Amino acid sequence: MHDIRNIFILTGAGISAESGVATFRGPDGRWEGHRVEDVATPEAFRRDPALVQTFYDARRAKLREIEPNAAHRALARLNAQWPGELLIVTQNVDDLHERGGARRVLHMHGELRSAWCLACDGRTRWEEELSSGPACPGCGAAGEMRPDIVWFGEMPYRMDEIDAALMKADLFVSIGTSGAVYPAAGYVQTARYLGARTLEINLEPSQGSLFFEESRIGRAGELVPEWVEEMLAGLR
């Protein structure tokens with residue numbers, strides 16, 4: 001690994017599942033009992049804002065009950081000790097990477113603990129419910145805040161930063177992702193085209209497994225700490 005300096009890590013639902021966070025789509029195609037179309041689209045929010053707000057209020061409250069697992073903590077260790085550039089791009093809307101100690105983190109699909117005011121376009125750290133229509137701390141407008149989550153049909157956040165990091169990556173690592181949601185699902189092909197080495201760590205082979213040079217199949221809580229130890233041992 002002596003030729004690797006810049007690392008791009010993509011994480012998905014699989015890394016948080018071991019902490020008790022429900023994966024985005026269960027075996028029945030639903031998310032916590034709801035059809036994705038009913039809780040994760042702008043149309044759903046316009047049609048039934050109360051349902052959508054209540055759904056995300058429950059997800060936000062659930063965060064208080066869960067803790068980072070060994071995979072989150074291992075990535076935080078790598079984040080702290082890796083001398084080159086490193087970026088953890090997560091598709092997850094929880095804050096387990098940060099609570100695990102990682103700092104070089106980018107949330108491409110937004111965050112549960114953030115609210116977006118449609119009146120002033122401001123974003124606010126938010127811990128409580130939104131279903132009661134609270135006033136925006138920035139502009140004072142009541143009932144105008146929505147979850148700061150990227151829904152289907154909306155553009156993921158900070159794409160320029162993601163593209164820049166991908167262009168410079170010597171190693172692309174995908175952890176706990178299904179390989180089904182774009183644009184993230186296409187990052188491995190871009191990374192390989194640009195000459196980066198590619199590694200997948202997943203509970204089962206993803207839809208994009210054939211694009212990875214190496215796949216390690218098993219629990220993230222076991223495999224990620226092992227991989228991080230390998231990377232840091234190479235520095236000694």
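## Overall size and fold

With 236 residues, a compact globule would be expected to have a radius of gyration near 18 Å, and because the protein has 18 Å, its value agrees with that expectation. The model is a predicted one, and along its principal axes the C-alpha trace spans about 55 × 35 × 35 Å.

The secondary structure comes to 9 helices and 11 strands. Among the contacts with a separation of 6 or more, 64% are accounted for by residues 24 or more positions apart.

## Surface and charge

The accessible surface of the protein comes to about 11200 Å², and 51% of this belongs to carbon and sulfur atoms, while 50% of the 236 residues count as buried. The protein carries 26 positive and 35 negative charges, and the mean positions of these two groups are 2 Å apart.

## The nonpolar cores

In soluble globular proteins, nonpolar side chains tend to be buried together. The largest nonpolar core here has 26 residues, of which Ile7, Ile9, Leu78 and Trp227 touch the most other members. At least two residues of this core are supplied by each of β1 (7-11), α5 (70-81), β4 (86-90), β9 (171-175), β10 (197-202) and α9 (220-233), and the largest share, 7 residues, comes from α9.

Which residues is Trp227 in contact with, leaving aside its neighbours within four places in sequence? They are Ile9, Leu75, Leu78, Leu171, Val173, Leu199, Ile201 and Arg216. A second, separate core has 18 residues, including Phe8, Val89, Met159 and Val188.

Methods. Residues are numbered from 1 along each chain as its sequence is written. This is a predicted model: local features need pLDDT of at least 70, side-chain atom pairs count only at pLDDT 80 or more; totals for chains, interfaces and linings use all residues. Side-chain values use heavy atoms; hydrogens and water are left out. Helices (H or I, at least four residues) and strands (E, at least two) are DSSP runs, numbered from the N terminus. The radius of gyration is taken over C-alpha atoms; the globule rule is 2.2 Å times the number of residues to the power 0.38. Buried means under 20% relative accessible area, exposed over 50%, partly exposed in between (1.4 Å probe, protein chains only). Contact means heavy atoms within 4.5 Å. Accessible areas come from the Shrake-Rupley method with a 1.4 Å probe; for residues, only the protein chains shown count as cover. Lys and Arg count as positive and Asp and Glu as negative; His and the chain ends are not counted. The place of a charge is taken as NZ of Lys, CZ of Arg, CG of Asp or CD of Glu. A nonpolar core is a set of buried Ala, Val, Leu, Ile, Met, Phe, Trp, Tyr and Cys residues joined through side-chain atoms within 4.5 Å.
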